[in-house]
Amino acid sequence: MHKGDSIMTIKNVTVAGSGVLGSQIAYQTAYKGFSVVVYDINEDAISKAKERIKSLRHMYKHDIAATDEDFEAGLSRITYTWDLAEAVKNADLVIEAIPERPDIKKDFYTKIAKLAPKDAIFTSNSSTLVPSMFMEDTGRPAQFLNMHFANQVWLNNTAEIMGSPKTDPDIYK
């Protein structure tokens, strides 16, 4: 993360979890010009993520008149890995979109807390679990919040943001 004049610039985004919504979040982020790393647990999950993301082409063309060149540019900004350390090593922002199970999320945050840059912001795409449940597991409660995206993010281009009592107001903004 790059700080200047108290404005944080996010350039490198890691999306952890490449299911339906995780893939949409990853591609939309890349489509909008960010460098994106898609992380999932194994080679099979990554292979499915690549296909899921490529399958968005028709919807982007139909729904928002994206050209093939626009779509390819988005694809060119995505890399994929099942190595967690590799996935988060340059992250300014980590968007977690893994299963809605507290045990899995707690384990994930405990691991990335040791691997990600100290300034990285961690967010959860959770729709049912509040950030206070995981803020201590992140090792950086002031830099943690929920950022829940709506399905078909290219159309709904909205995210609900929810901090915890410990979320830094600047991070929230």
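**Chat about Phe-134, a helix pair and a strand**

Q: Which residues does Phe-134 touch, leaving out those up to four places away in sequence?
A: Phe-134 touches Pro-102, Lys-105, Lys-106, Tyr-109, Leu-129 and Phe-144, where contact means heavy atoms within 4.5 Å. This is a predicted model, where local features need pLDDT of at least 70, side-chain atom pairs count only at pLDDT 80 or more, and totals for chains, interfaces and linings use all residues. Residues are numbered from 1 along each chain as its sequence is written, and side-chain values use heavy atoms, with hydrogens and water left out.

Q: OK, is Phe-134 buried or exposed?
A: Phe-134 is buried, at 0% relative accessible area. Buried is under 20%, exposed over 50%, partly exposed in between (1.4 Å probe, protein chains only).

Q: And where does Phe-134 lie?
A: In the loop between β7 (121–124) and β8 (144–149). Strands (E, at least two residues) and helices (H or I, at least four) are DSSP runs, numbered from the N terminus.

Q: Switching topic: at what angle do α3 and α4 pack?
A: About 130°, with the axes of α3 (residues 57–64) and α4 (residues 68–76) 10 Å apart. Axes are lines fitted to C-alpha atoms, for helices over the stretch in contact, and angles run from 0 to 180 degrees between N-to-C directions.

Q: Which residues make that contact?
A: Arg-57, Tyr-60 and Lys-61 from α3, and Asp-68, Phe-71, Glu-72 and Leu-75 from α4.

Q: Last one: how many residues of β3 are buried?
A: Four of the five in β3 (residues 12–16), so that strand is mostly covered.
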